[in-house]
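Let's take a walk through a protein together. Keep the picture open while you read, and look for each part as it comes up.

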Amino acid sequence: MNGGNWGNGAYAGLFCLGVDGAPSNAYSNIGARLAMESWARSGAVKAAPTAPYPSGLLSCPATGEHEQGAAGITLAAPAIFERITSWENLVSAWREARKGKRKSEEVRRFEADLEANLVSLHEHLLRGTWQPGRARRFWVRDPKWREITAPPFADRIVHHAIVRVIEPLFERRFIHDSYACRRGRGTHAAVMRAQAFLRRAKRRWGEGAYVVKCDVKSYFASIRHDVLIERIARVIDCTRTLSMLRAVYSGYGFDGVGLPVGALTSQLAANILLDALDHRVKDDWGVLEYLRYMDDFVLVAPDKATAARWLDAIDAEIAALGLRLNPKSGYWPIRRGVDFCGYRIFATHIRLRRRAIRSWKARFRVLSSKWRNGLTTLSKCRAAVMSMLAVMRWASARRTTRSILQTLVLKGA
């Protein structure tokens, strides 16, 4: 809320006393008005003249929001749907969706008549007639087989438009120790944080401490849409936005259960759902040594009995969300370390997982074979080596690195 008349700009406030000018130009503003942009004050229904809401902690302005301090109380803007569907937001979403994809045939087809396609997408969103298109499905092995659902480019623009606006509303609610699909986080930050927790626990409790390692079984394929929407509705009080999210989640062949791996909205939704567990563990149970990377999470307990109790409690919390823990979840002494984010983490050092070592050796053997047959280039081999070294730099793996590099033999080309 700002005080004074429409034109006093930065000097508006509930109580704003001007003493920096001539005596004849002194002012004292006592009153209030809503803080609004000039285009909104004029009564125009067009979108804001600049792309207003990029992702980030400070990206969602408080204009029109009903903020409540208590946990579980709705906090969202009545105009959140208008923010998502604004022309500027849609254009910015298109720019984000095309990054790294500009040479693909799908993007070229869309951009061949860019303005008409964006206008059509904009109109369908405003009228509530937009529906997800046909997705492309394929399988990847990393390290186990996963089915990836790649939405069409037009749908990816819509996904970016949604996430750009609603992500900041949830980002400020996420705990610090949630590391998946968040800016400034990532796998390596999660690995270093996990080791810091192991070191701190070892100093506090010695070798009697226990590690609890859990992951959700078939997480993305098991997410119930009704439970997810209920969690989102606690923050977003906008019927049209929730209807749009239902359309996104139920598209691509998922009817009531499951989210497409590969969609931007699925990543945010997965973090939103397990945020309830994060706050239960951190806030209600008071567990300091807890962190999560998507559906994998680690806790450090002072003793075996506490670890067993926490595992049972987590199982119950996960079941309340309509999910199940992987049977491999368990607890063990801290001296055994923990497999997390591709590394074997100990309080004293970090190693690469054996499965990852075998994977890199197999990849380099294939690369050597392609080199001998003239099917690859030196630049691609160099890129593969640099990628491997970037992974190894986070681990105590000098001899392992040398062993992996010995499998790459560039001869006979």
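**A stroll from a loop to the core and its helices**

Start at serine 86, which you'll find in the loop between helix H2 (80-85) and helix H3 (87-97). Keep in mind as you look around that this is a predicted model. Is serine 86 buried or exposed? Its relative accessibility is 9%, and the cut-off for buried is under 20%, so serine 86 counts as buried. Its side chain also has a partner: a polar atom there lies 3.2 Å from the backbone nitrogen of asparagine 89.

Now zoom out to the whole chain. You can count 15 helices and 11 strands in it. Of the 413 residues, 44% are buried. The accessible surface comes to about 22,300 Å², and carbon and sulfur atoms account for 52% of that. Contacts also reach far along the sequence: take those between residues at least 6 apart, and 68% of them join residues at least 24 apart.

Let's go inside. The largest nonpolar core has 70 residues, and Ile157, Tyr219 and Phe297 are the ones with the most contacts inside it. Helix H6 (residues 153-171) gives the most to this core, namely 10 residues. Which residues does isoleucine 157 touch? Leaving out residues up to four places away in sequence, isoleucine 157 touches Leu90, Ala93, Trp94, Ala97, Phe110, Leu118 and Leu121. There is also a second, separate core of 35 residues, with Val298, Ala347, Leu352 and Ala397 among them.

Next stop, helix H12, which runs over residues 304-320. You can check its length yourself: at 1.5 Å a residue, its 17 residues should span 24 Å, and the end C-alpha atoms are 25 Å apart, which agrees. The buried residues in H12 are Thr306, Ala307, Trp310, Leu311, Ile314 and Ile318. Look down the axis of H12 and these buried residues fall within an arc of 135°, so they line one face of the helix. Turn to the face that points away from the buried side, and you meet the exposed residues Ala305, Asp312 and Ala320. What covers the buried residues of H12? The cover includes strand E5 (210-215), helix H11 (264-284), strand E7 (296-301) and strand E8 (330-333).

The ends of H12 are worth a peek too. At the N-terminal end, aspartate 303 acts as a cap, with a side-chain oxygen 3.3 Å from the backbone nitrogen of alanine 305. Just after H12, glycine 322 takes a positive phi of about 80°.

Finally, try the same check on helix H14 (residues 378-392): its 15 residues at 1.5 Å each should span 21 Å, and its end C-alpha atoms are indeed 21 Å apart. Here the buried residues are Cys381, Ala384, Val385, Met388 and Met392. Seen down the axis of H14, they fall within an arc of 95°, so they line one face of this helix. Strand E11 (350-352), helix H13 (354-372) and helix H15 (398-405) are among what covers them.

Pick out alanine 384 in helix H14. With a relative accessible area of 4%, alanine 384 is buried. What does alanine 384 touch, if you skip residues up to four places away in sequence? The list is Trp360, Arg363, Phe364 and Leu367. Take phenylalanine 364: along the chain it is 20 residues apart from alanine 384, and their C-alpha atoms are separated by 8.2 Å.

Technical notes
Residues are numbered from 1 along each chain as its sequence is written. Side-chain values use heavy atoms; hydrogens and water are left out. Helices (H or I, at least four residues) and strands (E, at least two) are DSSP runs, numbered from the N terminus. The expected span of a helix is 1.5 Å times one less than its number of residues. Buried means under 20% relative accessible area, exposed over 50%, partly exposed in between (1.4 Å probe, protein chains only). The arc is that of the directions from the helix axis to the C-beta atoms. Contact means heavy atoms within 4.5 Å. A polar contact is a pair of N or O atoms within 3.5 Å; within protein, one must be able to donate a hydrogen and the other to accept it, and residues adjacent in sequence count only if both atoms are side-chain atoms. A nonpolar core is a set of buried Ala, Val, Leu, Ile, Met, Phe, Trp, Tyr and Cys residues joined through side-chain atoms within 4.5 Å. Accessible areas come from the Shrake-Rupley method with a 1.4 Å probe; for residues, only the protein chains shown count as cover.
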